[in-house]
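Welcome, and thanks for opening the viewer. Let's take a short tour together, one selection at a time.

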Amino acid sequence: MTQASRRNMYLGGAVVLLLAEAILLIGGKGALPVSGIALFLMFYAFSYAVKNTKTLAGLAFTFQIFAFCSFTMYFPYLFTNWGFNTKVLIVPSVQIIMFGMGTKLSLADFVREFKKPAKILIGTALGYILMPLAGLLIIKVYHFPAEVAAASSSSACAPPARLRT
């Protein structure tokens, strides 16, 4: 089977699953487990369909993330009821992910980015100005309880832990 025919097969399957998911959602059956499986398979099929294209290859990982996020939203008990408090896995998981991302960077990546200081400054400003304002807006719009609002706004506006005294 050629690469193009394999891509078309995955793309066709993804479109069929998209239509099936739309029918389930319109019919009010979106909460059924089959809907979660269809959503997972649809995103994964899209991932395989675009992974070897020149223009859309960068979206393959994004589709995989959508696939697994939708799977965990439909079947959360598979990821939470392991006989212990799974919240303790959050920090080590983030550390492993960040380490994995960092190992993909080379010195040339840093040199290329530091040649564009305006983008670094814009990103920093957005992180310290726009993100806290967006957090406050979300808190006000959704009327979160005081403890959630305090944690959200303080973590959004506070400097990183290494900078606190």
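What share of the 165 residues in the protein chain is made up of buried residues? Buried residues account for 16% of them. Keep in mind as you look around that this is a predicted model.

**Stop 1: the whole chain**

Switch to a cartoon view and colour by secondary structure. You should find 8 helices and 0 strands, and from the N terminus on the elements run α-α-α-α-α-α-α-α. If you display contacts between residues at least 6 apart in sequence, 49% of those contacts join residues at least 24 apart.

**Stop 2: helix 1**

Select residues 3-26, which form helix 1. This helix has 24 residues and reaches 34 Å from its first C-alpha to its last, close to the 34 Å expected at 1.5 Å a residue. Now show side chains: A14, E21 and L24 are buried here. Part of the cover over the buried residues of helix 1 comes from helix 2 and helix 3.

Next, click on R6, which also lies in helix 1. R6 counts as partly exposed because its relative accessibility is 38%. Draw a distance from the C-alpha of R6 to that of A49: the two residues are 43 apart in sequence and 7.7 Å apart in space.

Before leaving, step past the end of the helix to G28. This glycine follows helix 1 and has a positive phi, near 75 degrees.

**Stop 3: helix 1 against helix 2**

Add residues 33-50, which form helix 2. How do the two helices run relative to each other, roughly parallel or roughly antiparallel? Their axes come within 8 Å and cross at roughly 150 degrees. That makes helix 1 roughly antiparallel to helix 2, since an angle over 145 degrees counts as roughly antiparallel. Helix 1 passes helix 2 in a left-handed crossing.

To see where they touch, show these two groups as sticks:

- On the helix 1 side, pick R7, Y10, L11, A14, L17, L18, E21 and L24.
- On the helix 2 side, pick V34, S35, A38, L39, L41, M42, A45, F46, Y48 and A49.

The residues of this contact between helix 1 and helix 2 divide into 15 nonpolar, 1 polar and 2 charged.

**Stop 4: helix 2 on its own**

Hide helix 1 for a moment. Helix 2 has 18 residues and reaches 26 Å from its first C-alpha to its last, close to the 26 Å expected at 1.5 Å a residue. Which of its residues are buried? Select S35, G36, A38, L39, F40, M42, F43, A45, F46, S47, A49 and V50. The cover over these buried residues includes helix 1 and helix 3 (60-74).

**Stop 5: helix 2 against helix 3**

Bring in helix 3 by selecting residues 60-74. Helix 2 and helix 3 pack at an angle of about 170 degrees, with their axes 8 Å apart. The two are therefore roughly antiparallel to each other.

Here are the residues that meet:

- From helix 2, show S35, G36, L39, F40, F43, Y44, F46, S47 and V50.
- From helix 3, show A60, F63, Q64, F66, A67, F68, S70, F71 and Y74.

This contact between helix 2 and helix 3 divides into 13 nonpolar, 5 polar and no charged residues.

**Stop 6: F75**

For the last selection, pick F75, found in the loop between helix 3 and helix 4 (77-80). Is F75 buried or exposed? F75 counts as buried because its relative accessibility is 8%. Leaving aside residues up to four places away in sequence, F75 touches P33, G36 and I37. Finish with one more distance: the C-alpha atoms of F75 and G36 are separated by 7.9 Å, although the residues are 39 apart along the chain.

Terms used:
Residues numbered from 1 in each chain as written. Predicted model: local features only at pLDDT ≥ 70, side-chain atom pairs only at ≥ 80, totals over all residues. Heavy atoms only, no water. Axes fitted to C-alpha atoms, helices over the stretch in contact; angles between N-to-C directions. Helix = DSSP H or I, 4+ residues; strand = E, 2+ residues; numbered from the N terminus. Parallel < 35°, antiparallel > 145°, perpendicular 65-115°, else oblique. Left-handed = near helix turned anticlockwise from the far one by under 90°. Contact = heavy atoms within 4.5 Å. Nonpolar A, V, L, I, M, F, W, Y, C, P; charged D, E, K, R; others polar. Expected span 1.5 Å × (residues − 1). Buried < 20%, exposed > 50% of the residue type's maximum accessible area, 1.4 Å probe, protein only.
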